Amino acid sequence: MSARESILKRLRERTDGPLQAPESDFTVVTGRGWDTGERIERFERLIGSVHGEVIHATLTDWTAKLAEVLTAKSIRRLALGREHPVPVAARAALLDHEVELVDVDRDIETWKREQFESVDAGLTSTRGGIAETGSLWLWPTPDEPRLISLVPPIHIAILDSETIEDTFFDVIERHGWATEMPTNALLVSGPSKTADIEQTLAYGVHGPRELVVLIRHPQEAT
Amino acid sequence: MTPVKLYPAKPDKVYVFGTCLIDLFYPEAGLDAIRLLEREGIEVIFPDDQTCCGQPAYTSGYHDEARAVAEAQLSLFPEPWPIIVPSGSCGGMMRTHYPQLFAGTPREAEAREVASRIYELTEFLVHVCHVRLEDKGRTEKVAMHTSCSARREMGLAETGPALLAQLGGVELVEQARAAECCGFGGTFAVRHPEVSAAMVEDKTLAIEAAGAEHFVTSDCGCLMNIGGRFEHQKKSLGGEHIASYLWRRTS
Amino acid sequence: MSVQQFTPQAFHRQAHEALGDPQIRANFRRAMDGLMTKRRDVFTDWDLETLRELGANIRLRALAKLPDLLEQLETNCQTNGIRVHWAEDGEAACRIIRELCEARGAKSVIKGKSMVSEEMHLNAHLEAAGIEALESDLGEYLVQLNEQTPSHIIMPAIHLNTDEISEIMHDKTGTERTRDVDYMTAAARAQLRERFMSADVGVSGVNFAVAETGTLCLVENEGNGRMTTTVPPMHIAVTGIEKVVEHLRDVPPLYALLTRSATGQHVTTYFNMISSPRKPGEHDGPEEVHLVLVDNGRSNIYQDDELLDTLRCIRCGACMNHCPVYTRVGGHTYGTTYPGPIGKILMPHMLGLEATKDLPSASSLCGACGEVCPVKIPIPDLLVRLRKEAVGEGRGNVPGAGVKRNRKEVAAWKSWQWLATHPAAWRGSTAVAGKLRGLAPSRVGPWTEYRSAPKLAKTSLHALVKAHRRAKDEGGES
């Protein structure tokens, strides 16, 4: 008998007999009832508490704000996609900026060392945010692959304020994740950190040491 | 933690189960518990044939022996009166573990019924007697150590302090890590003496550091452990069972 | 590389040594105090009892359907392109992983944190086959540099302080001696980045494996888990068979409980959900993903209604953080992969009660572990159950059952039983004991090393009550 068969057999022929599966009530992880303002406030407070930096912008001025971030943080090489409206708009707006735009729609094997050693920041879109925990959710794509939110020392994420929802449970349920999981789904809540040296927090241990979330509001920034 | 109990009105009579530690080492505490209950106008019945709840064998894994001893206690409480136990540890054994110990045996129903009538002393004084205490003692800083069984198994972290709070002369000081175990744990103290010693050492240091002049506890195991550590070090800081302390200050 | 050896058989000696080491004592006390405070604070705005109830309920449901869910997980993983392997024990799991490495000609493995891989001693196995296995979680990396094993399941290097870590890094990697944590972190980052780029295989654990979608969930703060599962061309995830959950919606409550219980965090930096290898057109991620399902005693635990609760565990470590014994002796003292309360109820199943006979008794049954367990495992009850098995009064469902039964101890409990079931004799003996109290030894075993001996009362409560009754009947007060 294979290991698989004998393990399953032992589980199926349980000494104390079959088990009853209880029903679950998920009320405690949903139904927060926050309005947009509360969600944004909570998102910012939570992600701020773990060292995430939030910048407010509007749909019209966000690329200017992005350019300011690049200048302020001396970002010379920015990795970003080419197809998603976020990188498309960013590329257009940054034409005259001195930053060098680095294409990411290349197989990692062809530019591993370059991405690890000579990219200053990665820019990505996000699918949404989670107010309860101050989290971003990302489904990386061929246009915006997995590593650009991880390898460069700074991750700049663009988040639309109306895509912030209350809880992780709400996001999974409302967007039907269970029927269409991508290769990699990701929650990001702050920059990479560790407390493995005597409980002292240090940022950027393996991933980015800075996370900048640029929140785009439909009207004027709140 | 046990669910919140629905407490009955104050009865005319109660049983007292004195526990073996009190019987052997701290009998005054048992008598003081009886006096406190009698002062509330309750007639106390002390079944003469009581011995031990069976916990020492139970926690050591000797469940056949524990069940035999527990079984001998089951028939001591035939009338529907509450059973008052001046110990969270023995109370927890009788309330929580009797039903488990007798599960699937002919006396399961009886064990459940007895378990449903078990009250720890401070719980009973607070929630059933709604006792009002008048302090006659001197001003004193006191630390309370609530036993782990009272705190977690019976959910009674508040009743001891609530009684002490009624004593005008008592300033209740809270030691650091008040909820942490003192290291007694029955046979644990014998099987793992060094670990147990490290725990009681920290507990006595915390009680001293809180500025306590005296400590009280609702369990004689903890009293034996913490008090024994203070005495071993020839410290003047002493302790007593909460029943004795309450009786001494209010009679 | 030889690793510092601790064994469960030497619990007493190891406890003695740890208790006598002020550095170990201080490191653990400080760390555990901090973790307890953080956990308490992070749950203040939650209905914690309801959330724990849900967590327990989700785990119980998963266990109730375990064989079906494992098959569903396997089917969905394979549909997604993840290859699934089954291992009866740690040795078999090691072999599967080694063969997968060898098939690719792999020489170096980078590892994300995985307690199951510790449980099966994967690193030693790979090294014996000439494959280098390097830990990338900072704590694991430090522990590996120091030729030790983790002392905590969430914070592997919690037994070391900053100065000790500085010394280890200086010795093994040539960094400057410093107390600057940012400097040491940056140095480790640089050292490990090279290894992420060059590793042939990434090996990770799994926090939750979702049956309905064939998804592997990994919880982390550092990003090494994402690196391990994204950069090398092959990713091998290894997990115990109990880690499966039924639905994707079962994940948020467990994740909420896990991070808050473990480190008092609202959320970790990354929650990484992997459902397939790199698809055509995608530019990163491994070409091959494998999942190794390890039994290693779990299906035996599964047989027994009471012991089953052990398998609810989501490996948060809160039971350790709140354990007064763990806090004082530290993780290595237990000599087992999983230390602390969860180790005491899990390791006897993996190693047998003979090797672990001092573990179930090393608890005062204070209940702090059960009180904080996010999935409400009745740890104290399970400790009592294992004690019962050890003395041969259980169901014999644990390897080594009955190993602690000895005639002397049984005779002692039988005498106690006789006395406590013969009330007249009991009363007589308590009265005699009181009269002979002057003859009682002032030193009784280990107790009196640290405490004064308890003194037998002159008069038993039975006798006091009798006198009290008499006085009352005569109209006075005693």
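The following exercises concern the sheet and the salt bridges of a predicted model. Local features require pLDDT of at least 70 and side-chain atom pairs pLDDT 80 or more, whereas totals for chains, interfaces and linings use all residues. Residues are numbered from 1 along each chain as its sequence is written, chains are lettered from A in the order in which they are written, and side-chain values use heavy atoms, without hydrogens and water.

**Exercise 1.** Determine the strand order of the open sheet in chain A and identify its edges.

*Solution.*
1. Strands are DSSP runs of E, at least two residues long, numbered from the N terminus; two of them pair if DSSP finds at least two bridges between them.
2. The 6 strands follow the order β1-β12-β7-β4-β2-β3 (chain A), with parallel pairing.
3. β1 (52–58) and β3 (100–103) of chain A each have a single partner strand, so they stand at the edges.
4. Within the sheet, β7 (residues 154–160) and β12 (residues 210–217) of chain A are joined in parallel by 7 bridges; here Ala157(A) stands opposite Val213(A).

**Exercise 2.** Establish which parts of chain A are linked by the salt bridges of Lys73(A) to Glu53(A) and to Glu210(A).

*Solution.*
1. A salt bridge requires a side-chain nitrogen of Lys or Arg within 4 Å of a carboxyl oxygen of Asp or Glu.
2. For Lys73(A) and Glu53(A), the closest N and O atoms are 3.0 Å apart.
3. Lys73(A) lies in the loop between α3 and β2 of chain A and Glu53(A) in strand β1 of chain A, so the pair ties together parts 20 residues apart in sequence.
4. Lys73(A) also meets Glu210(A), at 2.6 Å from N to O.
5. Glu210(A) belongs to strand β12 of chain A, 137 residues from Lys73(A).

Terms used
Helices (H or I, at least four residues) and strands (E, at least two) are DSSP runs, numbered from the N terminus.
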